[in-house]
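Let's take a walk through a protein together. Have a look at the sequence and the 3D view, and then we will go from strands to empty spaces.

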Amino acid sequence: MRLYDLIQNNKKLTFIDPFTDRSYGVADFHHSLVIDDRQALVFIYADNLIGSIEVFLNFLGSRFTVSLLSPQLSPVYKQELEEVYQPYYIYDPSRTEIPGFDIHEASSRIRLFQHQLKPDYPIHPDIKLLLSTSGTTGSPKFVKLSEENLIHNAEAILEFLPIREDDITPLNVPVIFVYGLSIFTTNALKAGTIICTNRDVLQKEFWDDFVKYQFSSLGGVPYVYEMLQRIDFFKKEYPFLRYMTQTGGILNQTLAKVIEEYVAPRGQQFFVMYGQTEAAGRMAYLSPADLKTKNTSIGRPIRNGSFQIDPSTRELLYSGPNVFGGYATKSADLNTFQPGDVLYTGDIAEKDEEGYYYIIGRIKRIVKLLGTRFNLDEIELIIKNAFNGETFACIGVEDKHLLVIHLNQDLKDEEIKQFLKTKLNLHPSIIKIKQVSKIPLTPNGKVDYTSARSLYQQV
Amino acid sequence: MDKSQKLDEVMALALSVPLEEINDDLAYQSIPEWDSMSHMVLMTELETAFGISIETDDMLEMNTMPKVREILQKYGVMQTN
């Protein structure tokens with residue numbers, strides 16, 4: 001059975017558009033669009049609103065391979081990706097025309113763009129979904145996922161998340177991120193109502209919806225919980241809220257304690273989860289019962305998953321049926337799908353005597369800024385290319401800041417910040433810049449990122 | 001410094017947009033620059049610049065330029081026009 005069929009089996013599932021308060025049964029989105037029956041690629045610039053959910057469901061129910069992409073990508077990045085992958089259809093409500101594409105009115109509500117040349121290059125039948133590893137840098141590197149990956153992930157999550165038939169769940173995490181996608185798939189399989197929204201926790205309308213529809217759950221990366229604390233969320237009562245989920249990094253200890261002390265007496269549950277796009281979602285979770293004693297742990301593996309720690313590098317390795325089938329960086333890569341047995345997470349981990357895992361560092365040069373993963377080498381290259389190939393070194397500082405080190409005395413901090421803001425939508429306040437006379441190097445001539453990081457203290 | 005001019009400067013700094021782009025049409029999430037991150041920066045900057053402590057309900061209400069000004073009036077830091 002396909003994920004789509006399992007979702008359609010949840011016959012009482014309802015989607016609500018909070019902007020109009022209109023609701024749609026899951027059957028209303030069954031083949032509700034006129035699309036060609038073929039194996040090809042569709043780009044969905046998904047904003048979590050009702051339209052993108054309808055489009056996503058229709059293509060899940062087709063032979064198409066779906067790529068979920070950020071609607072906030074700059075137009076240049078969108079065109080570059082479309083050039084590389086030649087999608088047959090595009091859903092992007094933000095554009096009125098795309099060169100090389102015709103408008104296809106797929107229904108009275110939904111407009112698609114259809115490639116004039118009807119590309120039909122071969123795509124491996126096991127590839128159902130392509131997700132970007134970065135989300136916002138416009139990198140053409142996609143993670144190839146199968147139906148089986150998606151179903152295994154969703155079913156493993158349903159083993160521990162208390163999702164019920166009468167649940168009302170907001171899509172307040174973008175579905176283009178694997179965590180948001182997991183919220184969508186698990187609730188589509190088992191919950192009663194999904195609120196299709198892109199409103200965020202700093203919008204009054206989000207809280208109006210929260211009370212009006214009585215959200216059963218909330219999800220977020222650490223940054224979202226920091227905002228919740230800032231707006232005094234944990235000082236108020238929400239009798240309808242049953243559980244919260246968190247992923248995308250470790251909560252600071254103080255906040256973890258605030259949350260633990262909030263949920264415990266109220267009988268609510270807080271789930272810490274650990275995952276990656278390459279695992280089609282989750283790899284581990286911390287049971288709410290362990291929150292008090294193990295609040296810095298990612299918990300234990302999900303059902304059918306297992307961890308090993310590489311004895312020499314201490315890298316956390318994951319095995320399970322949700323491990324992806326390889327990366328794609330060009331359309332020719334869509335012709336293969338190699339189910340992986342071991343996923344190298346790039347995280348350095350420890351396991352305590354009771355079998356709980358802890359992330360203590362990273363092997364890969366990855367930083368998570370506001371919950372979004374950025375490859376530091378990639379950022380470095382983007383900056384170098386923009387600034388005449390000059391020397392830059394990028395370092396992540398505790399998933400809070402991006403430290404940029406450079407040699408050019410004439411280069412103003414503002415220029416770099418402005419560039420990163422425009423290109424990668426990084427807020428200047430999370431960027432720290434240090435001009436130095438010499439970039440620290442290791443004996444073999446590579447940038448010594450460990451020494452470079454200490455420059456952060458001087459910014 | 002004129003309070004209104006000071007407000008514009010705080011907005012420009014927090015949202016990281018040029019001062020010329022600060023106008024009454026700006027609203028939360030209406031431009032990419034005014035997102036959740038910069039909104040929290042904005043709240044902190046307003047508190048520092050005007051020496052006030054903004055209540056949480058007001059943080060969510062301050063979602064347009066006119067609303068920001070209106071609520072700052074409530075805190076007694078902006079003159080009524």
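**A sheet, a pocket and a cavity**

A good place to begin is an open pocket: in the second largest pocket, helix α4 of chain A, residues 147-158, gives the most to the lining, with three residues. Keep in mind that you are viewing a predicted model. The space in this second largest pocket comes to about 310 Å³. Its lining counts 21 residues, and the closest to the centre are Pro125(A), Asp126(A), Ile127(A), Ser146(A) and Glu147(A). Sorted by class, the lining has seven nonpolar, eight polar and six charged residues.

Now turn to the strands. Eight of them in chain A make an open sheet with mixed pairing, and you can trace the order β6-β7-β5-β3-β4-β8-β9-β19. At the edges sit β6 (101-105) and β19 (327-328) of chain A, each pairing on one side only. Inside that order, try finding β3 (residues 41-45) and β4 (residues 65-69) of chain A, which pair in the parallel sense over five bridges. One spot to look for is Ile44(A), whose bridge partner in β4(A) is Leu68(A).

Finally, let's visit the enclosed spaces. The structure has five cavities of 30 Å³ or more, and the largest cavity has a volume of about 110 Å³. Which residues lie nearest the centre of the largest cavity? Among its 16 lining residues, they are Leu161(A), Ile183(A), Asn187(A), Tyr243(A) and Thr245(A). Helix α5(A) supplies the largest share of this lining, five residues. By class, the lining of the largest cavity divides into eight nonpolar, eight polar and no charged residues.

Technical notes
Residues numbered from 1 in each chain as written. Chains lettered and ligands numbered in written order. Predicted model: local features only at pLDDT ≥ 70, side-chain atom pairs only at ≥ 80, totals over all residues. Heavy atoms only, no water. 1 Å grid on protein atoms, 1.4 Å probe; cavity = no way out; pocket = protein on both sides within 12 Å on 5 of 7 lines; lining within 4 Å. Points joined across faces, edges and corners; volume = space filled by probe spheres on them. Helix = DSSP H or I, 4+ residues; strand = E, 2+ residues; numbered from the N terminus. Nonpolar A, V, L, I, M, F, W, Y, C, P; charged D, E, K, R; others polar. Pairing = 2+ DSSP bridges.
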